[in-house]
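Hi everyone, thanks for making time this morning. I'd like to walk you through one model, so please have a look at it first and then I'll point at a few places.

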Amino acid sequence: MVEHRHWSTTVRLTEMDDTGLVQPHRILEWMQEGAASASTQAGYSPERYRTMKAAWFIREVRIAIDGPVIYGEKIDVETWISSLRRFRSWREYVIRAEGRVIARGQAEWLFLDLAANGRIRPRIPDPVMAAAFPRDPTVAIPSEELPPLSSVDAAPEHTDRRIIRPSEIDANGHVNNVRYLAWLDDQGRSYRPDHQMVFARLEYLLDAKPGDEVRLLLHAAEGIDHQRILLSLIQSDAADDMQCVDLG
């Protein structure tokens, strides 16, 4: 049986919102920390990746929020690799608070080579690295629970703009995945104060850098809200499409 890795923390006051519950983007933050810890336990720490001039980047993330979390609770993030094909890997997550499951997650990670000239290209893990990450095909979120990632043709119900700040940039030089979910949750709560995010499925398509302007678009639909983030370029708009699901 493949050994699952664990990372633990305690819910801090700064992770709570005005309702006394943990903010949804904090769950994604725990998932990222759990992945980094699991990789380090397998012999591949952030420092080793820097030496290799390579890194794992999230391509898609899915989060199912199954229960509330409150201040001071002990959190355990259980994680494992369910598939590894060429340079793509799916990592699964089960998050527990004081022993009860409060969230489940999945993230598709891409292993990319970071060239000195700034160009990024796929990199296939060598046999030693692949062996360090054994696979368990069990999934945390069954396919029947997944809402589709679909395009939205109708005009947005709400549009918000923001400029990327240096404090939102991570060690790889672009906006951290967690920040996108925080923006979408902020927009959703601003216009849907009576709703609560219970599932999020995000697909990351483009990088955003400090000083870039992005537009957040909220498209209302029956039982589900679609949100997109558009990155404004000099001559055209390229869509960094994301979807947050609000089952209200």
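I'll go through the helices, the cores, one arginine, the aromatic rings and two loop residues. Keep in mind throughout that this is a predicted model.

Let's begin with helix α1, which runs over residues 24–41. Does its length fit what we would expect for a helix of 18 residues? At 1.5 Å a residue the span should be 26 Å, and the end C-alpha atoms are 26 Å apart, so the two agree. This helix is mostly covered, with 13 of its 18 residues buried. Just after α1 comes G43, which takes a positive phi of about 105°.

Two residues of α1 are worth a stop. One is I27. Is I27 buried or exposed? Its relative accessibility is 3%, and because the cut-off for buried is under 20%, I27 counts as buried. Leaving out residues up to four places away in sequence, I27 touches I63, I65, I95 and A103. I27 also sits 9.6 Å from V77, C-alpha to C-alpha, with their positions 50 residues apart in sequence.

The other is Q32, again in helix α1. Q32 has 17% relative accessibility, so it counts as buried too. With the same sequence neighbours left out, Q32 touches I58, N176, N177 and V178. The C-alpha atoms of Q32 and Y93 are 10.0 Å apart, although the two residues are 61 places apart along the chain.

Those contacts of Q32 lead us over to α4, since N177 and V178 are among the residues buried there. Here I ran the length check again: 15 residues at 1.5 Å each should span 21 Å, and the end C-alpha atoms are 22 Å apart, so this agrees as well. At the start of α4, a side-chain oxygen of N176 reaches to within 2.8 Å of the backbone nitrogen of V178. Other buried residues of α4 include L181, A182, L184 and Q187.

Now, the cores. In soluble globular proteins, nonpolar side chains tend to be buried together. Here the largest nonpolar core has 52 residues, and W30, V61 and I95 have the most contacts inside it. Apart from that core lies another, of seven residues, including A64, W80, A140 and I141. Going back to V61, what does it touch beyond its neighbours within four places in sequence? Its contacts are L28, M31, Q106, A107, A200, R201, L202 and Y204.

Next, my arginine of the day: R104, in strand β5, residues 100–114. R104 has a relative accessible area of 15%, and because buried means under 20%, this arginine is buried. Which side chains does it make polar contacts with? One is D66, at 2.8 Å, and another is E145, at 3.1 Å. Around R104, not counting residues up to four places away, the contacts also include R62, I63, Y93, V94 and P142. A64, A140 and I141 touch R104 as well, and those three are among the members of the seven-residue core.

On to the rings. How many aromatic pairs does the structure hold? There are six. Y180 and W183 form an edge-to-face pair, 5.2 Å centre to centre with 70° between the planes. Both lie in helix α4, three residues apart, about one turn of the helix, and both are buried. Elsewhere, Y44, Y49, W56, F111 and F133 form one aromatic cluster. R48 joins the picture there, lying over the face of Y44 at 4.0 Å from the ring centre.

Last, two loop residues. Most residues other than glycine have a negative phi. K53 is not a glycine, yet has a positive phi of about 55°. You'll find K53 in the loop between α2 (46–52) and β2 (54–65). Its relative accessible area is 51%, and since the cut-off for exposed is over 50%, K53 is exposed. R86, also not a glycine, has a positive phi of about 55°, and its place is the loop between β3 (74–85) and β4 (88–97). R86 has 58% relative accessibility, so it counts as exposed.

That's my tour; thanks for listening, and I'm happy to go back to any of these places.

Terms used. Residues are numbered from 1 along each chain as its sequence is written. This is a predicted model: local features need pLDDT of at least 70, side-chain atom pairs count only at pLDDT 80 or more; totals for chains, interfaces and linings use all residues. Side-chain values use heavy atoms; hydrogens and water are left out. Helices (H or I, at least four residues) and strands (E, at least two) are DSSP runs, numbered from the N terminus. Buried means under 20% relative accessible area, exposed over 50%, partly exposed in between (1.4 Å probe, protein chains only). A polar contact is a pair of N or O atoms within 3.5 Å; within protein, one must be able to donate a hydrogen and the other to accept it, and residues adjacent in sequence count only if both atoms are side-chain atoms. Contact means heavy atoms within 4.5 Å. Rings of Phe, Tyr and Trp (its six-membered ring) pair if their centres lie within 6.5 Å; planes under 30 degrees apart count as stacked, over 60 as edge-to-face and the rest as tilted. A charge sits over a ring if NZ of Lys or CZ of Arg is within 6 Å of the ring centre and within 35 degrees of the ring normal. A nonpolar core is a set of buried Ala, Val, Leu, Ile, Met, Phe, Trp, Tyr and Cys residues joined through side-chain atoms within 4.5 Å. The expected span of a helix is 1.5 Å times one less than its number of residues.
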